[in-house]
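Please set out how this model is built, ligand by ligand and then strand by strand. Begin with the surroundings of the ligands.

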Amino acid sequence: MELYKFLPQTNCKKCGKTCMAFALELLQGKVKISDCTPLIEETKYKEKYEALKELLGSEEGIEKELHIDIDEDLCDGCGICVTCCPVNARYCPPTLSGKAPDVPHDKHQLFEVKDGKCVLLNLEHCRRLEADGRERECHVCEIYCPREAIKILYI
Ligand code: SF4
Ligand code: SF4
Ligand code: SF4
């Protein structure tokens, strides 16, 4: 609520969500202040913008780092994450038809199953880290893991 007070509160959805949802994601470090374009572009919100920056102690918002946590005890090596991750699908074509990726791995490949367990290979290519931020909301691997072994975290 404290962060919400400093947003325009118009629910214009230019950020793709409501102001309340935006405030929550700001707190979680999933969005930046600048993702609310009315706040930074419209002069009538200048005071709110300045106050929000001061409250968060940063121009950008709360900086948190993406982690994809795989619980080895829960993972049974089914490989569903390998075939459902859209980055794997884009760069490792066999995964599109549910097959194992080619070896050697493409440098973008995010997941592989090794010795019966899922291994995260190249987090830097996760859609959540793409420069334009269009896919910040991707959580396909977390949703489709049948063992609930994958957790997307911002720490
Ligand atoms: S862009 Fe800003 S004003 Fe519009 S809904 Fe998102 S947080 Fe609210
Ligand atoms: S989908 Fe889940 S259980 Fe299957 S390999 Fe991936 S992490 Fe392990
Ligand atoms: S969040 Fe999306 S792009 Fe990132 S690893 Fe999971 S499925 Fe792949």
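## Ligand shells

Helices α5 (86–91) and α6 (140–144) each give at least two residues to the shell around ligand 3. Helices (H or I, at least four residues) and strands (E, at least two) are DSSP runs, numbered from the N terminus. The model is predicted: local features need pLDDT of at least 70, side-chain atom pairs count only at pLDDT 80 or more, and totals for chains, interfaces and linings use all residues. Residues are numbered from 1 along each chain as its sequence is written, while chains are lettered from A and ligands numbered from 1 in the order in which they are written.

The shell around ligand 3 holds 13 residues, with C85, C126, C138, V140 and C141 coming nearest. A residue is near a molecule or strand if its C-beta atom, placed from the backbone, lies within 6 Å of it. Around ligand 2 there are 14 residues, and C75, C78, C81, C118 and C145 are the closest. Ligand 1 is surrounded by 14 residues, of which C12, C15, C19, F22 and C36 come nearest. Here α1 (19–28) and α2 (37–41) each supply at least two shell residues.

The table gives the classes. Ala, Val, Leu, Ile, Met, Phe, Trp, Tyr, Cys and Pro count as nonpolar, Asp, Glu, Lys and Arg as charged, and the others, Gly among them, as polar.

| Shell | Nonpolar | Polar | Charged |
|---|---|---|---|
| Ligand 1 | 9 residues | 3 residues | 2 residues |
| Ligand 2 | 10 residues | 2 residues | 2 residues |
| Ligand 3 | 10 residues | 1 residue | 2 residues |

## Domains

The protein chain is assigned domain 1 (4–56) and domain 2 (66–154). These bounds come from an automatic or database domain assignment. Taken over C-alpha atoms, the centres of domain 1 and domain 2 are 31 Å apart.

## Helix α1

Which residues of α1 are buried? They are C19, F22, A23, E25 and L26. Seen down the axis of α1, these buried residues fall within an arc of 170°, so they line one face of the helix. The arc is that of the directions from the helix axis to the C-beta atoms. A residue is buried if 20 or more other C-beta atoms lie within 10 Å of its own, exposed if 12 or fewer, and partly exposed in between, with C-beta atoms placed from the backbone. Just after α1, G29 has a positive phi of about 80°.

## V87 in α5

V87 lies in helix α5. V87 counts as buried because it has 22 C-beta neighbours inside 10 Å. Not counting residues up to four places away in sequence, V87 touches H108, L110, H125, C126 and R127. Contact means that two C-beta atoms, placed from the backbone, lie within 7 Å. V87 and F111 are 24 residues apart along the chain, and 9.5 Å separates their C-alpha atoms.

## Hairpin and loops

Strands β2 and β3 pair in the antiparallel sense over 4 bridges. Two strands pair if DSSP finds at least two bridges between them. V113 stands opposite C118 in β3. The two strands form a hairpin with 2 residues between them, and D115 in the turn has a positive phi of about 50°. D115 lies in the loop between β2 (111–114) and β3 (117–120). Is D115 buried or exposed? D115 counts as exposed because it has 6 C-beta neighbours inside 10 Å.

E148 sits in the loop between α6 and β4 (150–154). Its phi is near 50°, a positive value in a residue other than glycine. With 11 C-beta neighbours inside 10 Å, E148 counts as exposed.
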